[in-house]
Amino acid sequence: MNMDLGLLIIRLVVGLLFAGHAAQKLFGWFGGYGIKGTGGWLDSIGVKPGVPMAVMVGLFELVGGLLLALGLWFPVAAALIIIPMIGAIVTVHGKNGLWVTQNGFEYNLILIAIALGLALIGPGEYAIH
């Protein structure tokens, strides 16, 4: 029971925060820039076409985060979280080294580890199976 409760807490916190991060990109919620702002930023760093990429990344993060929180289609949820995190490392954070204090990929790597670890363990009993 403790393991299932622990998995639920991890799934809810990580999944809902990931979905919230997506809402920043897609809808401009929570201080985000919305699709046009995110798309413009992606264009500026060479990820083109920026607006369609912002939509794609935002949808990956939104669906992945919600699926993770629900404990549904877990391998898909993990992939939808891992793919944009690898993209963030390759396009933005990797060149800055590991530590987030230098805009490095520390946080992205933590999210990859959590998503992969959860996919390997499973969502626990408190999930939509």
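**Exercise 1.** Which residues do ring pairs link into a cluster? Work this out for the predicted model above.

*Solution.* Let's go step by step.

- Start with the count, which comes to two aromatic pairs.
- Take Phe27 and Trp29: their ring centres are 4.8 Å apart, with 40 degrees between the planes. Planes under 30 degrees apart would be stacked and those over 60 edge-to-face, so an angle between these limits is called tilted. The Phe27 and Trp29 pair is therefore tilted.
- Now turn to Trp29 and Phe30. The centres of these two rings lie 6.2 Å apart and the planes stand at 90 degrees, so this pair is edge-to-face.
- Put the pairs together: Phe27, Trp29 and Phe30 are linked into a cluster.

**Exercise 2.** Sort Phe27, Trp29 and Phe30 into buried, partly exposed or exposed.

*Solution.* You need two cut-offs here: buried is under 20% relative accessible area, and exposed is over 50%.

- Phe27 has 46% relative accessibility, so Phe27 is partly exposed.
- Trp29 has 49%, so Trp29 is partly exposed too.
- Phe30 reaches 60%, so Phe30 counts as exposed.

**Exercise 3.** Describe the largest pocket and its lining.

*Solution.* Begin with the space, then look at the residues around it.

- The volume of the largest pocket is about 820 Å³.
- Its lining is made of 32 residues, and His21, Lys25, Trp41, Val57 and Glu61 lie nearest the centre.
- Helix 1 (2–27), helix 2 (34–44), helix 3 (50–70), helix 4 (74–93) and helix 5 (106–121) each give two or more residues to this lining.
- By residue type, the lining splits into 19 nonpolar, 11 polar and two charged residues.

Technical notes: Residues are numbered from 1 along each chain as its sequence is written. This is a predicted model: local features need pLDDT of at least 70, side-chain atom pairs count only at pLDDT 80 or more; totals for chains, interfaces and linings use all residues. Side-chain values use heavy atoms; hydrogens and water are left out. On a 1 Å grid over the protein atoms alone, a cavity is a set of points where a 1.4 Å probe fits but cannot get out, and a pocket is an open set with protein on both sides within 12 Å along at least five of seven lines; lining residues have an atom within 4 Å of a point. Grid points are joined across faces, edges and corners, and a volume is the space filled by probe spheres set on the points. Helices (H or I, at least four residues) and strands (E, at least two) are DSSP runs, numbered from the N terminus. Ala, Val, Leu, Ile, Met, Phe, Trp, Tyr, Cys and Pro count as nonpolar, Asp, Glu, Lys and Arg as charged, and the others, Gly among them, as polar. Rings of Phe, Tyr and Trp (its six-membered ring) pair if their centres lie within 6.5 Å; planes under 30 degrees apart count as stacked, over 60 as edge-to-face and the rest as tilted. Buried means under 20% relative accessible area, exposed over 50%, partly exposed in between (1.4 Å probe, protein chains only).
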